[in-house]
Amino acid sequence: MKKANQIKENNRVRTIITCSDCGATTFTNTGIDTKTTQQAIQRSCGTCNPPQNPLINQGWWLELGLDKNPYVYGPMQRLRTGRQYRMEEARRMGWMSWTWNDEYSSERKGLIQNK
Ligand SMILES: [Zn+2]
């Protein structure tokens, strides 16, 4: 629970919010009956419940038992799904119904004969 006390300091309104569990004080520069102060009263005490942020952005190398980044990154394969590559692959493997005489014609002979 929290206790709020509105005071006037240097001709300015200030609300002192005191945690009744640990005695930590916070303040808002608004009156006690404002939304800002009411939200501050209702939220849990930051001293009693310190924010436990999970340590994100930890290095992936920690999962591998390393204490620092080894800077070993695998090769990023180019995605061979483009039309140009698939056409070249089909031509190379003789998957096309129409072929022509080129540098792959000798390789294709075996494939076609095995069918
Ligand atoms: Zn507290």
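# Exercises on a zinc-bound chain

In this predicted model, R14 is joined to E9 by a salt bridge whose closest N and O atoms lie 3.2 Å apart. Residue numbers start from 1 along each chain as its sequence is written. Because the model is predicted, local features need pLDDT of at least 70 and side-chain atom pairs count only at pLDDT 80 or more, while totals for chains, interfaces and linings use all residues, and side-chain values use heavy atoms, with hydrogens and water left out.

**Exercise 1. Establish which elements the chain holds, in what order they run, and which of them has the lowest mean pLDDT.**

Step 1. The chain has three helices and three strands, where helices (H or I, at least four residues) and strands (E, at least two) are DSSP runs numbered from the N terminus.

Step 2. Read from the N terminus, the order of the elements is β-β-β-α-α-α.

Step 3. The mean pLDDT of the chain (the predictor's confidence in each residue, from 0 to 100) is 81, and 82% of the residues reach 70 or more. Among the elements, helix α3 (residues 105–113) has the lowest mean, 69, whereas strand β2 (residues 12–19) has the highest, 94.

Step 4. Of the 115 residues in the chain, 16% are buried; here buried means under 20% relative accessible area, exposed over 50%, and partly exposed in between, with a 1.4 Å probe and protein chains only.

**Exercise 2. Find how many salt bridges the structure holds, and describe the residues that form them.**

Step 1. Apply the criterion, a side-chain nitrogen of Lys or Arg within 4 Å of a carboxyl oxygen of Asp or Glu, and the structure yields two salt bridges.

Step 2. One is the pair R14 and E9 introduced above, in which E9 counts as partly exposed because its relative accessibility is 36%.

Step 3. The other joins the side chains of R86 and E89, at 3.4 Å from N to O. Both residues belong to helix α2 (residues 83–93), where they sit three residues apart, about one turn of the helix. R86 has a relative accessibility of 44% and therefore counts as partly exposed.

**Exercise 3. Identify the residues that coordinate the zinc ion, and determine the arrangement of the donor atoms.**

Step 1. List the donors, which are N, O and S atoms within 2.8 Å of the metal (3.2 Å for Na, K and Ca), bearing in mind that water is not among the atoms, so sites may look incomplete. The SG atoms of C19, C22, C45 and C48 coordinate the zinc ion at 2.1 to 2.4 Å.

Step 2. Examine the angles: the four donor atoms subtend 105 to 115 degrees around the zinc ion, so the arrangement is tetrahedral, a label given to four donors if all angles lie between 85 and 135 degrees.

Step 3. Along the chain the donors follow the spacing C-x2-C-x22-C-x2-C. Because C22 lies in the loop between β2 and β3 and C45 in the loop between α1 (35–42) and α2, this pair ties together parts that are 23 residues apart in sequence.

Step 4. Compare accessibility: C22, at 39%, counts as partly exposed, whereas C45, at 9%, counts as buried.

Step 5. C48 is placed in the loop between α1 and α2 and is partly exposed at 33%. Leaving out residues up to four places away in sequence, C48 touches C19, D21 and C22, a contact being heavy atoms within 4.5 Å.

**Exercise 4. Is T28 buried or exposed, and which residues does T28 touch?**

Step 1. Locate T28 in strand β3 (residues 25–28), where a relative accessibility of 10% means that T28 counts as buried.

Step 2. Beyond residues up to four places away in sequence, T28 touches R14, T15, I17, T36, T37 and A40.

Step 3. The side chains of T28 and T37 are joined by a polar contact of 2.9 Å; such a contact is a pair of N or O atoms within 3.5 Å, and within protein one must be able to donate a hydrogen and the other to accept it, with residues adjacent in sequence counting only if both atoms are side-chain atoms.

**Exercise 5. Where does N10 lie, and what is the sign of its phi angle?**

Step 1. N10 is in the loop between β1 (2–9) and β2, and N11 lies in the loop between β1 and β2.

Step 2. Phi of N10 is positive, near 50 degrees, in a residue other than glycine; N11, which is not a glycine, has a positive phi of about 65 degrees.

Step 3. N10 counts as exposed at 71% relative accessibility, and N11 is exposed with a relative accessible area of 68%.

Key:
Four donors count as tetrahedral if all angles lie between 85 and 135 degrees; four count as square planar and six as octahedral if opposite donors are over 155 degrees apart and all others between 65 and 115; anything else is irregular.
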